[in-house]
Amino acid sequence: MSQTVRTRPEGSGQALSEAYDTALLDLDGVVYAGGDAIAHAVNSLATARAGGMHLAYVTNNALRTPDAVAGHLTELGIPTVAPDVITSAQAVARLIGEQVPAGARVLVIGGEGLRVALRERGLEPVDSAEDEPAAVVQGYGGPDLTWSRFAEACYAIARGVPWFASNTDLTIPGARGIAPGNGAAVEVVRIATGAEPQVAGKPLPPMHRETILRTGAERPLVVGDRLDTDIEGAFNGEVDSLLVLTGVTDGAQLLAAPPKHRPTYVDADLRGMLTGQPEVVEAGDGFRCGGWTATAGGEELELTGEGEALDGLRALCAAAWTAAGEGACELDGGKALARLGL
């Protein structure tokens with residue numbers, strides 16, 4: 001895939017909720033954190049919806065069913081129905097269904113979300129390698145998934161049964177901190193078998209395809225907090241993206257982003273959907289956004305001026321990404337980011 005290398009965040013004269021017909025929203029770190037709504041999320045989403053934007057919630061977590069996710073969002077004050085939720089379980093179930101006979105048995109190493117998605121595709125979930133499955137599927141099954149489940153996957157894979165994974169996120173955020181995600185569990189099976197799974201979730205194309213098929217989006221905007229799943233997924237799908245800084249990505253990671261991790265827009269939180277985006281323009285040897293000008297020095301990024309911190313960050317992105325070209329910027333942005341309080 002050949003794409004133009006993004007060298008700066010783009011501007012928008014329209015509110016993003018008007019420029020795009022559908023927001024494809026990540027959940028954890030974007031809409032909620034630790035189960036509670038992130039500041040400004042509820043009101044921002046309500047305003048975008050009232051203006052005619054379709055809201056869809058796209059998650060790599062294969063444990064919960066769309067009904068459960070929709071119920072949680074509704075409890076937070078974000079009215080949602082199950083068809084508004086797209087999960088990696090649904091994406092991997094479609095991927096499996098295209099490669100095995102109708103009604104085939106699938107060994108499930110995971111939770112209820114996978115089972116529901118497989119049944120939706122006319123496939124039969126089973127629990128043992130002795131059930132003669134046509135495929136093995138692995139997804140996050142919660143913290144109580146036992147070692148014996150990984151063993152069942154290994155037994156089947158060793159017999160030549162094809163292996164699928166909902167996603168390979170190594171970590172998952174929780175109320176007490178960062179815990180092992182499905183990717184960590186996939187590594188256990190990979191090490192034991194030497195096999196490689198077919199993966200469906202973000203940032204890979206099967207997840208994007210599932211999302212577009214279910215939403216019918218014509219001008220989608222991916223909204224996320226992770227560069228390596230949300231933003232890379234948008235890059236792979238060749239659609240625009242908005243990075244919000246309410247989750248795992250910090251300023252230093254954003255400045256160092258290689259092309260596939262560079263978002264179209266950057267904003268503090270979901271209020272960024274409701275406004276236009278300021279333009280970053282060339283200014284001599286640097287780039288200006290708002291009252292800030294950023295340049296790439298010999299060893300570090302330099303920032304002059306004053307104004308809104310986010311405008312400074314956007315200018316720094318332009319300086320860093322232009323200097324890096326098709327690579328990752330190695331210039332030190334620490335002093336500049338400290339000046340912005342980021």
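In these legends Ala, Val, Leu, Ile, Met, Phe, Trp, Tyr, Cys and Pro count as nonpolar, Asp, Glu, Lys and Arg as charged, and the others, Gly among them, as polar. The model shown is predicted.

**View 1. Lining of the second largest pocket, with 12 nonpolar, 6 polar and no charged residues.** The volume of this second largest pocket is about 320 Å³. Its lining is made up of 18 residues. Nearest the centre of the second largest pocket lie Y140, G142, P143, P180 and G181. At least two lining residues come from each of α6 (147-158), β10, β11 (177-180) and α7 (182-193). Helix α7 gives the most, with 4 residues.

**View 2. The largest pocket, with about 630 Å³ of space.** Lining this pocket are 32 residues, and D28, Y32, N61, I172 and P173 are the ones nearest its centre. Two or more lining residues are given by each of β2 (32-33), α3 (66-75) and β10 (171-174). The largest share, 4 residues, is that of β10. By residue class, the lining of the largest pocket holds 10 nonpolar, 15 polar and 7 charged residues.

**View 3. An open sheet of 5 strands with parallel pairing.** The strands follow one another in the order β7-β6-β8-β9-β12. At the edges stand β7 (124-126) and β12 (198-199); each has a single partner strand, so one side of each is left without a neighbour in the sheet.

**View 4. Pairing of β6 with the edge strand β7.** Strand β6 covers residues 105-109 and is joined to β7 in the parallel sense by 3 bridges. Within this pair, L107 stands opposite V126 of β7.

**View 5. Helix α4 across four strands of the sheet, β6, β8, β9 and β12.** The helix is formed by residues 88-97. Among the strands that α4 lies across, β8 spans 135-138 and β9 spans 163-165. The angle at which α4 runs to β9 is about 155 degrees. Strand β12, also crossed by α4, is one of the edge strands.

**View 6. Helix α5 across β6, β7 and β8.** Residues 112-120 make up this helix, and α5 runs at about 165 degrees to β6. Strands β6 and β8 lie across from α5 here and are also among the strands that α4 lies across. The edge strand β7 is one of the strands that α5 lies across.

Key
Residues are numbered from 1 along each chain as its sequence is written. This is a predicted model: local features need pLDDT of at least 70, side-chain atom pairs count only at pLDDT 80 or more; totals for chains, interfaces and linings use all residues. Side-chain values use heavy atoms; hydrogens and water are left out. Two strands pair if DSSP finds at least two bridges between them. Contact means heavy atoms within 4.5 Å. Axes are lines fitted to C-alpha atoms, for helices over the stretch in contact, and angles run from 0 to 180 degrees between N-to-C directions. On a 1 Å grid over the protein atoms alone, a cavity is a set of points where a 1.4 Å probe fits but cannot get out, and a pocket is an open set with protein on both sides within 12 Å along at least five of seven lines; lining residues have an atom within 4 Å of a point. Grid points are joined across faces, edges and corners, and a volume is the space filled by probe spheres set on the points.
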